[in-house]
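Welcome, and thank you for opening your viewer. Please keep the selection tool at hand, and we will go from stop to stop together.

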Amino acid sequence: MADLVFAFDPVLDRPLPAPEAAAAAVAETISGATAAAFETAVAAAVEGRAAAVVILGRILDPLRASPAQAATVRRHVVTLADAGCRTIVVADGASACHDLSRMLGEPRGLGFVTPLAGCELDVRGIAVEIVSAHGPLAAAEPQAGSGGLRRRIVVGCETSAGPDPFAPADNAAPAWAQPGSFWVWGSRRRRSLPPGVHHLPALQARGPAEGGPGACATLALLDRSEPARSDAGPAGPLSDWRGSWRELPTHHVAWSTLAVESPAGGDEELAAAIWSALESRPATTAGPLEVVRVAVACGTSVARRVRVAEIAAETLARLRDYLGPRPTRLWVRELVADPHESLVPLGHARSGGRPGTTTSFSSALADIVADLEHSPAPALAPFEAREAGWLALELVESG
């Protein structure tokens with residue numbers, strides 16, 4: 001059972017782009033993943049008899065959303081209302097509230113939170129105050145209860161037009177450190193949050209670099225664990241309600257990387273090696289569609305890296321022929337020479353490079369990348385430095 005369900009960045013007007021070479025079933029799954037993830041969160045709220053679904057981030061852009069997309073959101077809002085569940089949208093301002101309300105035809109059960117105005121609802125006798133992390137209300141003292149219990153929830157996300165409340169500041173007691181509030185922060189990035197701030201991933205990841213594949217989160221305020229209580233009977237307040245935060249997977253597309261060693265030969269040998277690695281994994285005919293990026297390890301052979309790039313298209317075509325019409329939940333989207341391999345073996349300390357030679361250039365570049373990786377304040381992230389180093393060597397080799 002869940003009393004509140006939190007959903008971040010449904011972004012229903014931006015479906016995932018389906019690959020042109022994908023089979024019809026794969027393309028349909030990918031392009032429909034964002035809508036399906038939102039529907040999964042709605043179903044979780046209905047099944048858990050939640051009092052409200054709190055939506056953060058992007059939903060529909062009035063300048064690009066289609067009438068069909070707006071009708072889909074309206075249908076979900078009405079479905080939730082029929083189940084006794086409100087839909088609370090955290091918006092950047094009053095104009096965004098009016099735009100979305102008009103698009104959806106002002107359905108019942110729809111409410112809003114803005115930086116200047118919160119929302120209060122009653123969850124089976126508990127007064128719940130929801131405010132935005134991007135306005136002055138986040139730093140305000142929680143309102144005192146008038147005889148009953150109160151819960152205060154502060155919500156924000158990285159896509160909002162408001163300031164980042166976790167940015168460094170001179171304030172000795174930042175808003176998120178105030179006691180008495182439960183903080184939720186929606187983000188697609190892997191970022192460090194202060195203790196006590198709960199990270200909320202997007203409903204559906206749009207690529208492999210995100211902080212999670214996709215999930216909504218639930219929060220229970222009432223204790224329904226005692227078997228003596230019936231569903232119709234009263235449930236007391238949950239003493240450890242802050243510890244009831246749970247993530248529920250909603251993603252319908254998962255992103256992964258498959259690492260393989262580069263064999264000698266051309267596209268046929270490489271495709272066979274990748275296919276062998278894929279076949280060794282458990283077959284899945286249900287669950288999220290897995291979109292795979294193949295990273296081919298080439299060691300210190302720059303020539304082999306260039307060769308892998310040259311035969312990538314033919315290798316992918318062979319792999320997709322192997323897959324054929326099999327009922328598998330897998331799609332190989334990309335094949336590259338592993339850009340994150342270390343350049344250290346090429347450095348002067350190990351390669352014995354001599355001045356005035358290509359080997360000397362490679363060694364010098366490897367030393368620069370190693371220095372960037374170990375710098376206390378690097379200009380590039382370590383993986384970016386490696387990618388740039390390999391790209392430079394590949395350009396020299398292919399030139």
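Start by selecting helix α5 (residues 267-279) together with α7 (312-323). In this predicted model, α5 passes α7 in a right-handed crossing. The two axes come within 9 Å and cross at roughly 45 degrees. That angle makes α5 oblique to α7, since it falls neither under 35 degrees nor in the range of 65 to 115.

Now show the side chains where the two helices touch. On the α5 side, pick Asp267, Glu268, Leu270, Ala271, Ile274 and Trp275. Their partners on α7 are Glu314, Thr315, Arg318, Leu319, Tyr322 and Leu323. If you colour this contact by class, you will find 7 nonpolar, 1 polar and 4 charged residues.

Keep α7 on screen and add helix α6, which spans residues 302-310. Which residues of α6 are buried? They are Val302, Arg304, Arg305, Val306 and Val308. To see what covers them, select α7 again along with β15 (289-297), β16 (330-337) and α10 (382-398), which are included in that cover.

Next, hide everything but α6 and α10. Here the axes come within 9 Å and cross at roughly 85 degrees. That makes α6 roughly perpendicular to α10, as angles of 65 to 115 degrees count that way. Look for Val302, Ala303, Arg305 and Val306 in α6, which meet Trp390, Leu393, Glu394, Glu397 and Ser398 in α10. By class, this contact has 5 nonpolar, 1 polar and 3 charged residues.

Time to go inside. The largest nonpolar core has 31 residues, and the ones with the most contacts inside it are Leu4, Phe6, Val128, Ile153 and Leu219. Several strands each supply at least two residues of this core, so select these one by one:

- β1 (4-8) and β2 (52-56)
- β3 (86-90) and β5 (119-123)
- β6 (126-132) and β7 (150-157)
- β8 (181-186) and β10 (215-219)

Centre the view on Ile153 for a moment. Leaving aside neighbours within four places in sequence, Ile153 is in contact with Leu4, Phe6, Val128, Glu129, Ile130, Val131, Phe182, Val184 and Leu219. Apart from the largest core lies another, of 26 residues; among them are Ile55, Ile59, Val73 and Cys85.

For a change of scene, is His374 buried or exposed? Select helix α9 (residues 358-374), where His374 is found. His374 is exposed, because its relative accessible area of 64% is over 50%. Draw a distance from His374 back to Asp267: they are 107 residues apart in sequence and 36 Å apart in space, C-alpha to C-alpha.

Then move to helix α4 (residues 94-104) and pick Arg102. Arg102 is exposed as well, with a relative accessible area of 56%. A distance from Arg102 to Pro62 gives 9.7 Å, C-alpha to C-alpha, for residues 40 apart in sequence.

Finally, zoom out to the whole chain. The protein chain has 10 helices and 16 strands. Its C-alpha atoms fill a box of roughly 80 × 55 × 50 Å, taken along the principal axes. Of its 399 residues, 46% count as buried. Among contacts with a separation of 6 or more, 67% are between residues 24 or more positions apart.

Conventions. Residues numbered from 1 in each chain as written. Predicted model: local features only at pLDDT ≥ 70, side-chain atom pairs only at ≥ 80, totals over all residues. Heavy atoms only, no water. Buried < 20%, exposed > 50% of the residue type's maximum accessible area, 1.4 Å probe, protein only. Helix = DSSP H or I, 4+ residues; strand = E, 2+ residues; numbered from the N terminus. Contact = heavy atoms within 4.5 Å. Axes fitted to C-alpha atoms, helices over the stretch in contact; angles between N-to-C directions. Parallel < 35°, antiparallel > 145°, perpendicular 65-115°, else oblique. Nonpolar A, V, L, I, M, F, W, Y, C, P; charged D, E, K, R; others polar. Core = buried A, V, L, I, M, F, W, Y, C linked by side-chain atoms within 4.5 Å. Left-handed = near helix turned anticlockwise from the far one by under 90°.
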